Every structure is written in structure tokens, then in C-alpha cells.
Amino acid sequence: MTEDTPRTGTHEPGSEPCEAEDSIPTFPVVASGSADLPPHHDHCLGCGPANPHGHQLRVRRDAHGVHAHHRFDSRHVGAPTIAHGGAVATVLDDLFGFLLYTVGELAVTRHLAIDYLAPVLLDTPYTLRAHIHARDGRKLHLRATIENDHAHVVTTATALFLIVDIDHFLTTTHQPHHR
Ligand SMILES: CCCCCCCCCCCCCCCC(=O)SCCNC(=O)CCNC(=O)[C@H](O)C(C)(C)COP(=O)(O)OP(=O)(O)OC[C@H]1O[C@@H](n2cnc3c(N)ncnc32)[C@H](O)[C@@H]1OP(=O)(O)O
């Protein structure tokens, strides 16, 4: 761990931004019931407020994990009137990334699986929820749902995130893994 390593610890709601002065994102543990969690970084495709092409997801921690309210719009169209499955996956992957605020660690997606049970419609309100199903060492097994205003679940997702250290983001020589 170096002095550039993202900090972990307890975050008082609304007290400090996600990014340190040197622009290295931090993943402090954020208390349940707090206000919006900080975006991963300003230009994050899922949640960055400065990314005009992004989803600008706003996520809160709750007693079970994290949740968000979201509407897909015409930028995310797949089949007419329906959100593109890749856009839905983007938002779910990013939502999973907010669970890092419940563990206070850096982690990345190793596996993401999505069941599209019913179309996700454009310009329609949805509630997204994610929680940690199990932790096994550095493996985080995660689950998520998207439900409509009638409490019907339209999408479910599971993910395996692996905890990594800061060097993961600093090296440019990653080798692919073959399973
Ligand atoms: C300048 C600083 C910037 C900092 C900035 C921070 C930003 C933080 C942003 C977060 C924001 C989030 C946003 C959304 C989340 C993304 O978008 S993350 C981006 C997408 N993901 C990636 O790029 C990850 C690419 N993959 C990798 O780099 C490497 O594969 C990994 C994930 C580091 C894992 O490599 P590894 O450590 O060698 O692990 P590997 O041996 O493959 O597997 C580890 C274990 O998992 C098991 N496993 C693997 N796959 C499976 C599977 N499908 N099922 C079951 N088990 C499996 C293996 O069997 C193994 O088990 P054990 O043998 O240990 O018991």
C-alpha cells in the first residue's frame, strides 16, 4: 500500500467527495441510510455526473445493499421503445460497483450474468437493487434486480467481483486468463 492507495474507512454522509485531492478515487465504507453515494469518478459511464453519454446513476446505500431509481432514455434504445440490453448491463455492472462502498475495497467485475425476463422500457421508472450474496476471500458474489412500478422484476443479474489492489489500475501489462 502506498500513500496513493485509495483510502478506506468510515464516511460521514455528505461530508467528503469520492475523489481525493490527487484525483485517486476512494472507496470508504458509507453508512446505511445515507444520502447519495459518491460516483466512482466524474466521467464513469455508469454514474459520472460529467459524462454526457453516461447514465448518471445516483445510488444510495440501504439496509440490504444499494438501490437506485433510474429511467433509460432515447440514448439507450435497442429495439424501438426498449432499452438496449448492453445499456441495461452497463447500469447493473455499475450498480454492483457501488457495493464497494459497503466493503471499503477496490474490486472489478470478473463475471456478469443477466436474465432479461421482460423488456426494460424507455422513459419508464425502474428501481434497481443490489446486494452482496456471499463473500469468499477476495471473491464477492453479488445479486441484483430491476423492478418496475408494479413491483414486477423484469431483470435479474449475478456477478462475481474480485478484490484487487491499486496496482490493478496502474499496470498496463495485464495478461488474459483462459478458463
Ligand atoms: C489510478 C487509480 C484508478 C482507481 C480506479 C478505481 C475504480 C474502481 C471502479 C469500480 C467501478 C465499478 C464499475 C463497474 C465494474 C467494472 O466495470 S470493472 C471493469 C471490468 N472488469 C475488468 O476489467 C476485469 C478484467 N479481469 C481481470 O483483470 C482479472 O481477470 C481479475 C478480475 C483481476 C482476476 O484475475 P485473477 O486475480 O488472476 O483471478 P482468477 O484467477 O482469474 O480468478 C480468481 C478466482 O475467481 C474464480 N473465478 C473466476 N471466474 C469465475 C466464475 N465465472 N465463476 C466462479 N468463479 C470464478 C477463480 O476460479 C479463482 O478462484 P480461486 O482459485 O482463487 O479459488
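The following exchange concerns how terms are applied to this structure.

Colleague: What kind of model is this, and how are its residues numbered?

Modeller: This is a predicted model, in which local features need pLDDT of at least 70 and side-chain atom pairs count only at pLDDT 80 or more, while totals for chains, interfaces and linings use all residues. Residues are numbered from 1 along each chain as its sequence is written.

Colleague: Why is the stretch 85-97 called a helix, and how does its span agree with what is expected?

Modeller: Helices are DSSP runs of H or I with at least four residues, and strands are runs of E with at least two, numbered from the N terminus; α1 has 13 residues, so it qualifies. The expected span is 1.5 Å times one less than the number of residues, which gives 18 Å for α1, and its end C-alpha atoms are 18 Å apart, so the two agree.

Colleague: What makes a residue of α1 buried, and which residues are buried?

Modeller: A residue is buried if 20 or more other C-beta atoms, placed from the backbone, lie within 10 Å of its own, exposed if 12 or fewer, and partly exposed in between. The buried residues of α1 include Val88, Val91, Leu92 and Gly97, and of the 179 residues of the protein, 30% count as buried.

Colleague: What places a residue around the ligand, and which come nearest?

Modeller: The C-beta atom, placed from the backbone, must lie within 6 Å of the ligand; of the 20 residues that surround the ligand, Gly97, Val108, Thr109, His111 and Phe169 come nearest. The largest share of this shell, four residues, comes from β5.
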